[in-house]
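Work through the exercises below with the coordinates open. Try each task before reading its solution.

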Amino acid sequence: MSVLEVNNLHARVEDQPILNGLSLTVNPGEVHAIMGPNGSGKSTFANVLAGRPGYEVTDGTMLFRDAPVADMEAHERATAGLFLAFQYPVEIPGVSNMEFLKAAMDSHAHANGQEQPNAAAFIKRVRELASSLDLNPEFLKRGVNEGFSGGEKKRNEILQMLLLEPTLALLDETDSGLDIDALQVVAQGVNQFRSANNAVVLVTHYQRLLDYIEPDFVHVLANGKIVQSGDKSLALELEAKGYAWLT
Amino acid sequence: MTQSVDELVGANAEYEAGFVTQIESETLPPGLDPEVVKFISAKKNEPEWLTQWRLDAYEIWRQMDAPEWAHVHFPPVEFDAISYYSAPKSQADGPQSLDEVDPELLRTYEKLGIPLHEQEALAGVVKSSPNVAVDAVFDSVSIATTFRDKLAEAGVVFCPISEAVHSHGDLVQKYLGSVVPQRDNFYAALNSAVFSDGSFVYIPKGVRCPMELSTYFRINERNTGQFERTLIIADEGSHVSYLEGCTAPMRDENQLHAAVVELVALGDAEIKYSTVQNWYPGDENGKGGIYNFVTKRGLCGGPRAKISWTQVETGSAITWKYPSVILRGDHSVGEFYSVALTNNLQQADTGTKMIHLGKNTSSTIISKGISTGRSQNTYRGLVRFSPTASAARNFTQCDSLLIGDTCGAHTFPYIENKQPNSVVEHEATTSKVSDDQLFACQQRGIDPEKAVSMIVNGFCKEVFRELPMEFAVEAGKLLEVSLEGAVG
């Protein structure tokens with residue numbers, strides 16, 4: 001069973017067609033990088049998969065572990081194991097990170113017919129993850145992303161990914177706005193996450209991230225569809241030549 | 001697919017307390033004149049001074065106009081269409097022992113989660129808290145007060161005010177109208193003329209009340225107003241915590257609730273007054289619902305007295321209420337913690353007044369307004385430092401949260417400072433539950449209803465902390481129910 005099978009996907013945002021026949025298959029254990037110029041539809045693709053309001057599928061199919069996700073609510077996709085690390089994580093004042101993480105864990109457990117995690121074990125696990133990502137444990141008491149730096153917000157996204165253990169992790173420009181130290185911490189988190197049972201789709205603008213996370217496949221998106229696929233060497237070629245030769 | 005905030009707004013919340021009790025009542029025909037005032041007074045065998053006090057109030061009321069400065073809009077109330085007295089017939093002879101209370105009434109309170117049997121007594125909207133004494137007011141009369149014997153052992157008086165007029169007439173005569181005079185405002189004058197029942201509390205010197213006291217107000221009869229009067233006196237060095245809960249049936253017409261609450265805290269005494277107000281708010285089109293026009297005020301009459309108001313307001317079609325504190329004693333403390341949630345077409349204009357008269361007095365105001373649907377939510381507050389209030393302080397924090405984009409939040413803070421040696425701090429924020437926040441929660445598996453409730457509860461945290469524990473849990477649940485319209 002593939003993790004993700006997208007066929008001829010067309011989607012629009014506010015009546016503007018963005019995706020125009022995108023097809024992609026992702027199997028367990030694979031890391032795919034999706035690159036492309038600004039406005040090519042990279043982030044739209046990630047958000048359509050996750051079910052963001054206002055992103056409308058007009059044609060094609062998306063199967064996540066053989067299930068058609070277009071019929072599912074965003075939170076159902078999440079509890080089924082589809083995770084999106086946001087390009088711009090939002091702040092939720094008044095709701096502490098710990099409370100938010102617990103609610104997320106409990107929702108996953110509830111949707112999958114599992115018992116809620118034991119509170120003490122849960123807190124221990126969150127603290128371990130925070131320390132592995134160089135996040136001060138004090139952040140757990142603060143409002144979700146409230147007063148966080150750009151780098152802290154991105155590391156918080158990776159923490160959530162590691163905690164929720166999704167089958168498919170979509171990382172939407174997680175590398176943007178990170179300094180080199182933060183980039184390494186984030187990359188380390190993703191590498192730690194990789195296993196034979198899950199898959200990662202990296203949406204990125206720059207080759208830089210791929211120095212730390214080695215992809216199995218690199219795809220170039222232009223005008224809402226994949227125009228070129230290859231291995232890691234394609235990313236290096238793009239770095240040298242830019243996108244213009246492909247579009 | 002996924003719902004946006006806008007799509008989530010609009011469905012009708014379920015009002016669980018909206019049933020009607022079928023019981024035979026003695027109800028006065030609509031209309032108000034001196035004869036009605038005399039009838040009510042005679043019904044309660046009141047002494048001459050009180051009958052006259054009511055008649056004076058009636059004359060004052062007749063010469064006043066209904067206030068129009070609040071940020072609320074509604075057709076003028078037809079005061080002649082309201083009945084000013086209604087009581088279950090079986091209670092005509094006044095409160096008896098619990099065994100004699102009409103079983104239909106007992107069932108009503110049970111249905112509301114307030115059994116009046118002491119062995120299972122619960123308070124207000126509180127469940128599973130055995131140590132709370134309850135006074136239950138049904139339309140115009142008090143039908144039962146629990147745990148009176150146990151309170152009497154501590155010297156605490158907790159009874160219907162109609163009874164206190166006879167048993168503690170001197171105290172009632174001394175303090176009634178001492179904090180909210182008859183001519184204070186239009187609705188206070190009306191209440192003074194026709195008040196029917198309510199609770200009376202007296203805590204003697206140095207006594208810490210051994211349990212929470214609670215009054216549960218219920219409007220049942222059609223076309224009646226409820227005009228209860230509550231008087232709480234905490235003598236020197238005493239302490240009491242008092243809870244109040246309110247519900248009414250769902251009816252198409254608007255009903256008037258014009259209560260007066262007076263608190264008196266003498267030197268070193270402390271009164272903590274908590275309200276969970278869940279009067280019927282009307283339907284999603286704004287039809288029906290209670291007009292909640294209430295005057296609540298406390299007097300810190302001696303040094304180091306403290307009065308704390310905590311309110312969670314989710315009900316009523318229109319709310320007009322400003323629980324206030326007069327800080328007369330030196331070093332006295334006033335607090336106001338408020339959560340006001342409006343949905344559909346509800347309108348709330350609520351806040352507080354902190355009147356600093358004594359030296360070194362201090363006050364804290366924390367107000368959280370939540371608006372959703374097409375509702376309008378207003379905070380209105382006054383902080384006044386008189387020339388005598390040297391070294392007085394106030395801290396005000398006023399936060400508004402909007403859900404959807406068809407509602408409104410308004411803030412009118414007034415500060416009058418005649419004392420140069422004082423400190424006023426004012427902080428205010430307005431925020432909105434955004435589609436991005438909702439989606440961020442959903443992407444982590446949290447459904448939108450739970451997400452909104454989590455965000456709103458986080459927003460209200462500072463106020464919920466001030467509520468007695470069981471009440472805080474109930475308040476959280478009540479917010480969830482009241483938000484149902486907002487979250488689909």
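**Exercise 1: Chain B as a whole**

Chain B holds eleven helices and 23 strands. The model is a predicted one.

Task: Find what percentage of the residues of chain B count as buried.

Solution. Step one: take the chain length, 488 residues. Step two: apply the burial cut-off, 20 or more other C-beta atoms within 10 Å. The result is 60% buried.

Task: Find the share of contacts in chain B, at a separation of 6 or more, that join residues 24 or more positions apart.

Solution. Keep the chain B contacts with a separation of 6 or more. Then select pairs 24 or more positions apart; they make up 83%.

**Exercise 2: One helix of chain B**

Task: Decide whether α8(B) is mostly covered or mostly open, and list what its buried residues pack against.

Solution. Step one: locate the helix at residues 186-194 of chain B. Step two: count burial; eight of the nine residues are buried, so by the 20-neighbour cut-off the helix is mostly covered. Among the buried residues are B:Tyr187, B:Leu190, B:Asn191 and B:Val194. Step three: trace the packing partners. In chain B these are the helices α2 (34-43) and α3 (48-62). The strands β8 (229-234), β11 (260-265) and β13 (289-300) of chain B are also partners.

**Exercise 3: Where A meets B**

Task: Describe the side of chain A that touches chain B.

Solution. Step one: count the contacting residues, 22 in chain A and 21 in chain B. Step two: assign elements. In chain A, α2 (74-79), β7 (92-96) and α3 (97-111) each supply at least two residues. The most come from α3(A), with five. Step three: sort this side of chain A by class. It has 13 nonpolar, seven polar and two charged residues.

Notes: Residues numbered from 1 in each chain as written. Chains lettered and ligands numbered in written order. Predicted model: local features only at pLDDT ≥ 70, side-chain atom pairs only at ≥ 80, totals over all residues. Contact = placed C-beta atoms within 7 Å. Helix = DSSP H or I, 4+ residues; strand = E, 2+ residues; numbered from the N terminus. Nonpolar A, V, L, I, M, F, W, Y, C, P; charged D, E, K, R; others polar. Buried ≥ 20, exposed ≤ 12 C-beta atoms within 10 Å, placed from the backbone.
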